[in-house]
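Let's take a walk through the inside of a protein together. Have the sequence and the 3D view ready, and follow along one residue at a time.

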Amino acid sequence: MEAARIFLRSFGCSTNLADGEVMAGCLAEAGFKLVDSVAEADIVIYNTCAVKGPTENRMIDILKKVPKGKRLLVVGCLPLINLDRLCREVRFDGVAGPALGGKIIDIVNGVLGGKKVVALEGANKAKPDLSLPRVRLNPFVGIIPISYGCLGSCAYCCVVYARGRLRSYSINEIVERVKADLVDGVREFWLTSQDTACYGRDIGTNLAELIEAVCAMESDFKVRVGMMTPNMALGILEDLIEAYKDEKVFKFLHLPVQSGDDNVLKRMRRFYTVSEFRKIVEAFRATFPKITIATDVICGFPGEDEKAFEETLKLIENVKPDIVNISKFFARPRTPAAAMKDTVPFSEIKRRSAMLSGLASKIALERNREWIGWEGGILVDEAGKVAGSWVGRNFAYKPVVLKSKENLLGKVVRVKIYDVFPTHLVGALLD
């Protein structure tokens, strides 16, 4: 009998992408045929994200477009965040939560056998074995979830319903995964989690110790450390900066501030102050002047008045992050923020978001201009959008676009930066 053909696509955060790679690896090993389009597939698996309202809407639209006659399996965060809507609006053959690992095989077999599979029990406690096979989205990038869940209780966050509380992998499990990936030719590792800074708090270790253990391996590779909440990073700040000194670590810090106003931060249940956020940024910049700072801001959280918004503008103007990920506030199901009364009109949220985007873009361009004339090595980790173009990352994880007729993927090349945009640098090959 011919193997069932499966189309699998993942959306959202890098942890979800890693979950998708593992599901693909397990299915391929079990003899299923992975295909590149919905049209070719017997079963369509969408590994969903629903962190924000617009993301959920987009997911629902995509799920509704799966043609009749195709079996549809909806997995990931959406089924645990808004199952009611999923059941109301989408025709599906099975639902399951995130981090499925090898369980995906039984679920697919159940759907193929004509069952309507609902596998949501204990989904937010799952922690698949790190040694499971995977089919990588990028052969040179190893995405490693270092933990699942977090220790936060943010008032706006619905991901906690899907991902649960903190469950860390041991340093040894992660190191073994890195070793296996290096043998496979991986050159860049993403250490990812809902909050990398709380890694290890449940097992008596921390992120700094993990970074040091990974970097101690004798091989040529780079490490990108994922998002960390300021209050968790503050507790290990000195050790973290020490660990970042290893040349294998990209000088890149993703530290979401969410608001420049302490009262709004309290309402958001973010357990740090604006000055503590600044302290972390200043400490990293004092040691690594060219570090790339990325942050996140929510516009229009309930109770954010004009003065609070101006504090956020002022903070971004003063701190000058390289990247600001801006989200318009949308109340998510079952979150404390959904019950808050003093909401901001959506037209005002849009206005604030546009103002903040303009400022962030202006600062990003200014910061990038400082790189003009820089010469150095970059690791080319993806093909560009235009034929014959490539994207590499320098030591500060800045994306550098360059042109070359030869295949540069996975190679370290020397470049000189001659032009910049708010989103990337443009370089010419020196080699």
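This is a predicted model, and a good place to begin is Tyr244. Setting aside residues up to four places away in sequence, Tyr244 touches Ile211, Val225, Met228, Val249, Phe250, Lys251, Phe252, Leu253, Phe284, Phe288 and Ile291. Try finding these partners in the view.

Tyr244 also belongs to a bigger picture: the largest nonpolar core, which has 75 residues. Ile211, Met228, Tyr244 and Phe284 are the residues with the most contacts inside that core. A second, separate core has 28 residues, including Met59, Val66, Phe92 and Leu120. In soluble globular proteins, nonpolar side chains tend to be buried together.

Now let's look for empty space. How many cavities of 30 Å³ or more are there? The count comes to one. The largest cavity holds about 50 Å³ of space. Its lining includes Ala18, Asp19, Val22, Pro128 and Tyr169. Helix α1, residues 14-29, gives the most to this lining, with three residues. Sorted by class, the lining has eight nonpolar residues, three charged ones and no polar ones.

One of the lining residues, Asp19, deserves a closer look. Asp19 is found in helix α1. Is Asp19 buried or exposed? Asp19 counts as buried because its relative accessibility is 4%, and the cut-off for buried is under 20%. The side chain of Asp19 makes a polar contact with the side chain of Arg163, at 2.9 Å. Apart from neighbours within four places in sequence, Asp19 is in contact with Asn47, Pro98, Ala99, Tyr148 and Arg163. Tyr148 is also one of the residues lining the largest cavity.

Technical notes:
Residues numbered from 1 in each chain as written. Predicted model: local features only at pLDDT ≥ 70, side-chain atom pairs only at ≥ 80, totals over all residues. Heavy atoms only, no water. Core = buried A, V, L, I, M, F, W, Y, C linked by side-chain atoms within 4.5 Å. Buried < 20%, exposed > 50% of the residue type's maximum accessible area, 1.4 Å probe, protein only. Contact = heavy atoms within 4.5 Å. 1 Å grid on protein atoms, 1.4 Å probe; cavity = no way out; pocket = protein on both sides within 12 Å on 5 of 7 lines; lining within 4 Å. Points joined across faces, edges and corners; volume = space filled by probe spheres on them. Helix = DSSP H or I, 4+ residues; strand = E, 2+ residues; numbered from the N terminus. Nonpolar A, V, L, I, M, F, W, Y, C, P; charged D, E, K, R; others polar. Polar contact = N/O pair within 3.5 Å; in protein donor to acceptor, adjacent residues only side chain to side chain.
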